[in-house]
Structures are given as C-alpha cells and as structure tokens.
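Reader: I would be grateful for a close look at the cysteines of this model, and then for a connected account of the contacts, helices and surface around them.

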Amino acid sequence: MESWQFPQGVHPNTSKPAIEPMASEASVPKREDFAKLVLQGPEPPSLWYELIGMLRKAVRYRSADKHFTLSVCAMSILHSLFPILEWSKSYSLKSFRSDIMAGLTLASLSIPQSIGYANLAKLDPQYGLYTSAVPPLVYTVMGTSREIAIGPVAVVSLLLSSMVQKIADPTLDLASYRKMIFTVTLLTGVFQFAFGLFRLGFLVDFLSHAAITGFMGGAAIVIGLQQLKGLLGLSHFTSNTDVVSVTRAVWVSFHEPWHPENFFIGCSFFLFILGMRFIGRKNKKLFWVSAIAPVLSVALSTLMVYVTRADNRGVKIIQKVDAGINSSSVKQINLNGPYVPECAKIALICAVIALTEAIAVGRSFSVINGYKLDGNKEMIAMGFMNVAGSLSSCYVATGSFSRTAVNFTAGCKTALSNVVMAATVMVALELLTKLLFYTPVSILASIILSALPGLINVQEVCILWKVDKMDFLTCMGSFLGVLFGSVEIGLSVAIGVSFAKVIIHSIRPQVQILGRLQGTSIFCNIKQYPMVCQTPAVLTTRIDTSFLCFINAKFIRERITGWVTEKLDEIRSVVLDMSNVANIDTAGLAALEELREELLSHGIQMAIASPGWQVIHKMKLARLIDGTGEAWIFLTVGEAVEACLASKKGGDLEC
C-alpha cells in the first residue's frame, strides 16, 4: 500500500481534493506531517481578488447555468432591481382581495398620521399626504418586503425639523425651509442608493441596537413634549427639542391666555384611540377597530368643531389644505447653494436612521413569514423612492412599525397593499381636503401621541442592564443626549460610546492562560474551567482577537511577558494559541518578534500553534518563520505542548 501523503500547493477551489481519505491506521500521517500543513498551504486570496469577488457578487447574473449574454445580463439586472417581476408571476386573485382590504385599512391609519407627521416636520398637511402617495408606489416595484408600509414617520420628521430649521427658519421663510427639506430628501435617497449599490449596509450597523433603543426612547419623549403646543393650543412655542426648553416654554405659556377646549378635545380623542387599540389587541378579529380609530377621531372632531363653531372660541384648526396630487418640486431643489454641505450632513443622518428603522421593521415581519429580506436591495429601493419623492413634493419616507403591524394584521400578501393605500391617499387629496378645514390641531397631536408608546421599550432597557452594562451605557447616553441636548447630541453620544466600546475591546483583548483537560488533548481557559491543570514547564496562552495589530500588539506582548516574569524560574517554553487570530499587521509581526527575542534572552522557547491563513502567510513574507524556526510552528496546541515537553529532559507529558 502506498504511504499517505499531502499534496503540495493544491488550491481549495480546485476540483481535486486536497486530502485523500484515510484507508487504514498504517496510512495515518505523523505529527510532523500535520505541522507541515501549516507552512506548505496555498497562498490566501489577495485583497484585489476579494474586491473582484465582491463586485462579481454585486452584479452577478441570475442563472449561473446560462451562458453570459447581454440579454441574460439585462434580465438579471431588471429582476434584481424590480423584484415585482418575480412575485407577480404567482400572484392570485385571492391575494389581490387580501391586499385591497389591507391597503384600505392601512390608508385609514396613514391619512391622519401623515397629516400629523407633516405638522411635526413643520410642513403643510398636504406634504405628509404626498409622502404617503409616491414613495409607496416606487417601493412596491423595487422592495423585497411583503408587509412593510411606507410613508412618513415620527422620528425622521423630528430629525428634519430639528436640524433643517437651523439652516432656514420655517416661521420666517417657509419657502426656503421647504427647499432645504426637498434637497435633504434627494441627498438622503442618493446616500441610501449608494449604500445598497456598493453593499455598504454595514455602515447602518454603526448605530448599535442599544443606541437605537435609547435614541428612539428619547425621541419619543421629545416628540411627545413637542405635541404640547398643539394639545394646549399654544401660539408661541420653543423651536428647541430638549426637555428643559420645552418645559420652560410650557411654563411660560400658562401665564398667557390659553383655551382649555383644545386640551379637552385632544385628551378625549387620545383616550378614545387608546381604548380602540386595547379592544383590537384583546380581540384579533377586531384589529380594524384600532386601525380606523385615528381617521374616525379626525372625522368626529372635525364635525364637532364645525357644528359648534369652536374655532371662534379659540380652538385652533388646520384651515386650508391644498387639493390635488403631488406637484413637481424639481425647481425647488438647490444643489449649488452654500448650505449644501449642511444638507448633506443632515441627509446622511436621516439616511442611516431611516434605513435602520425600515430594515429592522422589515426583518421582524419577514422572520414571522419565513422568507429572507435582502438588505442591499432594500437600501436601493429606499434610495430610489426618496429620490422620486424629492422630485414630487415629498419628504423623507421609510418603513413605519405601527403601520406595518396594521398592514400585517389586516392580512396583506404582498407589497401591493402599498399601492392601494397610495391610491386611496391620492383620492383623498383630490376630493377630501376641503373637509379637513375645521380639523382641530389638537387631534393631530393626540394621534402622534398615541403612536409614541411603541417607540419606548422599557423591557429591552432592563435586558441591556442585565446582559451588558456597556450596551446599557450606550442606550442611556443616547437617551439622555436626545432628551437634554438635541437629536444630534444624542446620536453623537450613541456613536461615540459605541466606538469607545469597540476600541476598548480592541485595545485590551482577552489573553488567556490555558490548561489541559486530563486524559485529553483539549486545552481550556483555566479561569472558566478550574478543573483543568497547567503543564508545569510550559505557559500555554490563547490570544482572543481576530486582528493582531498596532492597537493591541503591545498590550498582548506585555501581558504575556508579565506572566513569564512572575514564574521565570519555572517556565521553559511558551505556546501561543493563535487559532482565533485571523489577520495580523506589521506591528503585530514586530510584537511577535520582540516577544520571541525577549523569551530567548531568558532561555525560553516560543512555539506558535494554529496560526490563521493570513497570519502564517505574512509571517513567511516577513521572514518571521526563519527566526522562530519551522520546527516550532504547529497545527494544534496539544502538539506544540508535547513538543515543548519532549525537548526538555524529564518533562512530564501530563499535568
């Protein structure tokens, strides 16, 4: 029988297997052969190869079994950009009936909410309705989520009003303010499209779950405080969003004439909406009661004000709402002015926040229905719909959790429910806007207030405190920053704490002392598994970082040399388990060389076990292997420890 051998230089992507199956115990290779695997493996893929692979994956054509032709490529791009071409093939009349019912139910909630969110964004009511008309149509043909409901949301509306008003004050120059909003919306769409096109979805992850939880909670309270202006019928109110400024504004307003009828109408219908929501949650068949409660509140309050002419007694009303579907806003977009950099900064923040909320909402419901949401396609769809929206008098739109939940509960089957909703909103813009003249402003405040409890997740904050104190600190930093500072401060604190967490873990990675589990070749952390025992003359350590680099190399070297110094008389060898180290830079290589020389000066041999593919490749290029010696590079920790003990006379193989 031929002896079992390792093929040299066989690339893992070839069809020939790198290792032949073992036929018998006689063909089992020696430990030295295993160690050679580490040094004689193929070169890892280069950075250029990985970039080309990412590009190919981004523009790959649909069917790999088809020959690449221009028509196949074109069809692939079309199907990638417009998922509706796929799911429409199996679309049925039954699904269409379900989507119509879901869309109509969704519209009954979207119309009053859109008007309220436009008020929050300091825009006229029709702009909220515009945003619920055009973006949903674009998303339907380009999005991958079946349940997500597109339109304006509270948090993004607050972001826009709080940041854009620093460039153009809507109370002094509403036309300029509106131009800035459309410009920011266009740039938001461009950023979102770029994120999806270049597969930069990881940028959204810079805002961690803990940061988003705190930000949403703080934003919900700030939005609620802002609604006191409409709820109390105040004429003068602060433009700041922090709790101190809002509290001071409310306190000052109490010393001025105000009309309690506004407060009575707002609170009454706020309790009515909450009551209907409670009924809908108790009985799933009555979900529609909760959905129509806002539009019913608008209708009843408007009728009440009209019949009693309460507007003559101080009740503030919406008054005129422009009729007609979206008009073009192309000429209002200004990309040459001095405020374009500020608009770009605001757009980047809005793009990240809007994508974070939409993708989180979409993934939550896709998991329930058992299909996968394509994050990059979602970003492209969101980008297109906001670019189209900016050209048709819309402001930033995204997925709404409350409306998506209603859409899902109403039984939607596809994104076509968004089309039904958009069509209903357009009909309302054409025919029903005159009926909104006497709608009280306080009812819009109550509708917004009723949607806020879903943004505050106290249970999640408690879990963060129990599981990870650093995440809790991130959450509270974001929350308090929004509450007592501003939206920008809250986001800055959240991102700052998140980066600090990453940097701290990178600077001070885990470096563990390992011990052998008796009777086995398994090595474990002695602190996590106290029953293991250490091999007397060998210090076995594990470096728990994926990237040994300039930021942590010195810390790791000093930690290991510190342990060696403590037991200098006992230790004769040091084994570095580098199985968790995926990559290394020149600073990391220099640290390994310095550690080897320092150990050698004390007569201590250094061995390296299970180095990563990139690590061993760079060690060979830097000639670090020549200094360490090929004989001291091992495939496993057990082999390294046994070799160290065997090289010392009288060494005990066991603990």
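**Cysteines, salt bridges and helices**

Author: The structure holds zero disulfides. Cys394, for one, takes part in no disulfide, since the nearest cysteine sulfur, that of Cys350, is 15 Å away. A disulfide is a covalent bond between the sulfur atoms of two cysteines. For a pair to be counted here, the two sulfur atoms must lie within 2.5 Å. The model is a predicted one, and the statements below should be read in that light.

The surroundings of two cysteines can also be described. Cys394 has a relative accessibility of 0% and therefore counts as buried. Cys549 is likewise buried, because its relative accessible area is 6%, and the cut-off for a buried residue is under 20%.

Salt bridges come next. A search of the whole structure finds eleven salt bridges. In one of them, the side chains of Asp124 and Arg178 meet with an N to O distance of 3.6 Å. This pair links distant parts of the chain, 54 residues apart: Asp124 belongs to the loop between helix H5 (93-120) and helix H6 (125-131), whereas Arg178 belongs to helix H9 (residues 174-197). The two partners fall into separate classes of accessibility. Asp124, at 28% relative accessibility, counts as partly exposed, while Arg178, at 14%, counts as buried.

Another salt bridge joins Asp468 and Lys501, whose side chains meet at 3.4 Å, N to O. Asp468 lies in the loop between helix H20 (458-467) and helix H21 (469-484), and Lys501 lies in helix H22 (residues 487-507), so the pair ties together parts that are 33 residues apart in sequence. Asp468 has a relative accessibility of 25% and therefore counts as partly exposed. The contact also belongs to a network of salt bridges, in which Asp468, Asp471 and Lys501 are linked.

A further salt bridge is formed by Asp311 with Arg309, the closest N and O atoms being 3.4 Å apart. Arg309 counts as partly exposed because its relative accessibility is 34%.

Helix H14 deserves separate treatment. H14 covers residues 287-308, and its 22 residues should span 32 Å at 1.5 Å a residue; the end C-alpha atoms are 32 Å apart, which agrees with that expectation. H14 nevertheless bends by about 45° at Ala293, and a proline, Pro294, follows within four residues. Both Ala293 and Pro294 are buried, as are Val289, Ala291, Ser297, Val298, Ser301, Thr302 and Val305 of H14.

The account ends with helix H13 and the surface. Phe263 is placed in helix H13, residues 260-282. With a relative accessibility of 37%, Phe263 counts as partly exposed, where the partly exposed class runs between the cut-offs of 20% and 50%. Phe263 also forms part of a nonpolar patch on the surface together with Trp251, Val252, Phe254 and Trp258; the accessible area of the patch is about 520 Å² together. Phe278 lies in helix H13 as well, and Phe278 is exposed because its relative accessible area is 52%. Phe278 and Val184 are 94 residues apart in sequence, and their C-alpha atoms are 38 Å apart in space.

Conventions. Residues numbered from 1 in each chain as written. Predicted model: local features only at pLDDT ≥ 70, side-chain atom pairs only at ≥ 80, totals over all residues. Heavy atoms only, no water. Patch = residues over 30% accessible without salt bridge, like charges linked within 9 Å, V, L, I, M, F, W, Y side chains within 5 Å. Areas by Shrake-Rupley, 256 points an atom, 1.4 Å probe, with all protein chains shown as cover. Salt bridge = Lys/Arg side-chain N within 4 Å of Asp/Glu carboxyl O. Helix = DSSP H or I, 4+ residues; strand = E, 2+ residues; numbered from the N terminus. Buried < 20%, exposed > 50% of the residue type's maximum accessible area, 1.4 Å probe, protein only. Expected span 1.5 Å × (residues − 1). Bend = angle between axes of the 7 residues up to and from the residue.
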